[in-house]
Amino acid sequence: MNVTLESLATCFQGLLPAQLFTCSLEGVPNAAYLSHVDYVDPTHVALSFQFFNKSRRNIAENPHALVNVLDPDTGQGWLLRLLFERSETEGPLFDRMALRIEAIASYCGLKGIFKLRAADVYKVVSIEPSPEEQGGQPLTEQSRTPEPHAIFTMKAMQDLTERIQRADSLETLVDSILAGLDEDFGFRHSTILVPTDEEGVLVTIGSRGYAENGVGAEVRFGEGIAGMVAEARKPIRISGLMRGMLYALAMHREAGHLGISPRLRIPLPGLANPESQLGIPLLVRGELVAVLCLESEVQYRFHEDDKVSIELLGNYLAIAIQNMQLQERMADVQAPQVAERPQSAVPVASAVGKPRREIVYHVADECVVVDGEYLIRSLPARILWRLLTAFADCGRDEFTNRELRLDKSLNLPEYKDNLESRLLLLRRRLEQKCPDIRLVPRARGRFGLELACDIGLKTMP
Amino acid sequence: MVDQTLAAFIQEGVGIHIGTRNERFEPNGARALAATVDAEGRELVVYLAEAAAARLLPDLRANGQVAVSFGRPVDDRACQIKGELVNVRAAEPHEREKIRGQFESFLNNLELIGIPRAGGANWITWPAVAIRLRATAVFEQTPGPAAGKPMS
């Protein structure tokens, strides 16, 4: 039978456990489970080397190995006879395998417990079907969740491009991108995160396909899929996430017995049981503009082709987002300053029958709490507090981005402050948690503060 | 060698693989279907489809060296038993039910982690051969830093 390694691509997604057989120099065979077999090229595969186990010791003295992989689509087993060639401890292959391991571990809150020591590259000597593991009809139609397959057609690309062209603000751009990925390509669950003014932290500015939009949810670089993508500035594609997580948790339990404690984390909002995830860094000339994350409950949702196409698309999205940020910033320069109104123009805390919101700014933590519930922190919190105090003190209800940029008390970064992203984040958080207070765009670089409630303002040290 | 707790794990319906090697020390291996442990925990019988046995039996008869791994998909708990061949025979018809029962439990376990039963529906479970082996060592194989440590 003439079977190519490429035709077994689905076997290398880590959906089903693989088995590695080796033999010592004394002639003692060894059978062990494998976390992952990675396709390298038409004649090579790579196995992850994480621990100095018996398989690894055997390979060091006897290069022959046999790997049994399963095709998740048909159930057909395949036997790959291998010859060890080399260990890679750096480079694209090593990075890809290490990222996958770390991303799964990080998703479980177990980052740093296990790391890839090397990507062991083997020459594939032969490929045979395993006669006892006979395959059947592809399972895709029978038993998998129906989900439209993403097709990167010119039509879909054109539709997305048109959506992006129509967007007139960062907010509509983010929504257009996520809607386009859903409706034009079939990626139903997506999130866009941007770097915050705090070093090494990402914040969610838009999502689609979730019960909770999760805007404002933060993740540190290196945590979870999004954090790993931001740290590595490389795409990560994971299939069989559930099995990978089980594997990671099994390792954690074993590590726990040996006295290694994991670092706990609060997970980002997302699907309850994701099976596939794809994270793409949106980069412009090496600068991280945003991270796009897609996920699915389907085990093998994102194919290698999808990753390549999304990477290409990501370059375009990154430029579109950065371009919009620059445009909005340029518009500020031209926007006239809004005159301060007399205090009497807008009465504060006077209307009868309106609900009243008690808003507290915690100075030390730089966070805003509304009626005892956390709303937002950091720069968006400082901006909101400035707007609310201006409203309370002088009755102002219209502001420009430019005046915020010029306000030294807000302490915006001199270079690339990403103010529009912060305002978008603030607007969305208010919509979600405190819809009585709204930031309404009125013109480019200008927005209104609209209150459907009375407010009480208080600062806490 | 194999205590009662481990024997129960081995016989509950887990993923089983059997490894051998030829005279050139090239490894060989196959999926097995079921296993039983004798009351003293010294010997095991591992069942595998005749279709798989065909490629392993020449190795077993030539040198008797065997390794069997047991893994539970739902939590990746795993162990490996090294041993030496005692004998090989065709599985008896009355053993078929036992083989099917353990194999079905394994498919149920796969289903718990989202792998449809249909994936293993065409795997061959009969006719089967019974390989009796004497256990010489037992190793922890649950993924992690303790993997590879002797259990007995």
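This is a selection-by-selection tour of a predicted model with chains A and B.

**Confidence colouring**

Start by colouring chain A by pLDDT. Its average is 81, and 80% of the residues score at least 70. Select β6(A) for the highest confidence in the chain, at a mean of 96, and α3(A) for the lowest, at 44. Next select residues 140-148 of chain A, where the pLDDT is below 50; beyond near neighbours in sequence, this stretch has 14 contacts in the model. Residues 257-267 of chain A also have a pLDDT below 50, again with 14 contacts beyond near neighbours in sequence. Where pLDDT is low, the predicted coordinates should not be read in detail.

**The A/B interface**

Show both chains. The contact involves 46 residues of chain A and 50 residues of chain B. On the chain A side, select β1 (18-23), β2 (29-34), β5 (64-70), α3 (139-143) and α7 (241-257), each of which supplies at least two residues. Which element of chain A gives the most to this side? It is α7(A), with nine residues. Colour the chain A side by residue class and the split is 22 nonpolar, 18 polar and six charged. Bear in mind that α3(A), listed among the contributors, has the lowest confidence in chain A.

**Chain B and the core**

Hide chain A for the moment. Chain B has three helices and seven strands, arranged from the N terminus on as α-β-β-β-β-α-β-β-α-β. Of its 152 residues, 47% count as buried. Among contacts in chain B with a separation of 6 or more, 69% are between residues 24 or more positions apart.

Now select B:V46, B:Y47 and B:L48, the residues with the most contacts inside the largest nonpolar core, which has 140 residues. Expand the selection around B:V46. Leaving aside neighbours within four places in sequence, the contacts of B:V46 are B:I16, B:I18, B:A32, B:A35, B:V68, B:I131 and B:L133.

**Strands β3, β4 and β7 of chain A**

Return to chain A and select residues 37-41 and 44-49. These are β3(A) and β4(A), paired antiparallel over four bridges; they form a hairpin with two residues between them. To check the register, pick A:Y39, whose bridge partner in β4(A) is A:V45. Then add β7 (118-129) of chain A, which is antiparallel to β4(A) and joined to it by six bridges. Here A:A46 stands opposite A:V121.

**Helix α1 of chain A**

Select residues 54-61. In this helix, A:K54, A:S55, A:R56, A:N58 and A:I59 are buried. Extend the selection to β1, β2, β4, β5 and β6 (77-88) of chain A, against which the buried residues of α1(A) pack.

**The β14-β20 sheet of chain A**

Finish with the four-stranded open sheet of chain A, ordered β16-β15-β14-β20, with mixed pairing. The edges are β16 (373-377) and β20 (454-460); each has a single partner strand, so one side of each is left without a neighbour in the sheet. On average, neighbouring strands of this sheet are turned by 25° against each other, direction ignored. Zoom in on β14 (356-362) and β15 (367-370) of chain A, an antiparallel pair with four bridges, in which A:H362 stands opposite A:C367. Last, add α11 (419-433) of chain A: this helix lies across β15 and β16 of chain A and runs at about 170° to β16(A).

Terms used. Residues are numbered from 1 along each chain as its sequence is written. Chains are lettered from A and ligands numbered from 1 in the order in which they are written. This is a predicted model: local features need pLDDT of at least 70, side-chain atom pairs count only at pLDDT 80 or more; totals for chains, interfaces and linings use all residues. Two residues are in contact if their C-beta atoms, placed from the backbone, lie within 7 Å. Ala, Val, Leu, Ile, Met, Phe, Trp, Tyr, Cys and Pro count as nonpolar, Asp, Glu, Lys and Arg as charged, and the others, Gly among them, as polar. A nonpolar core is a set of buried Ala, Val, Leu, Ile, Met, Phe, Trp, Tyr and Cys residues joined through C-beta atoms within 7 Å. A residue is buried if 20 or more other C-beta atoms lie within 10 Å of its own, exposed if 12 or fewer, and partly exposed in between; C-beta atoms are placed from the backbone. Two strands pair if DSSP finds at least two bridges between them. Axes are lines fitted to C-alpha atoms, for helices over the stretch in contact, and angles run from 0 to 180 degrees between N-to-C directions. pLDDT is the predictor's confidence in each residue, from 0 to 100.
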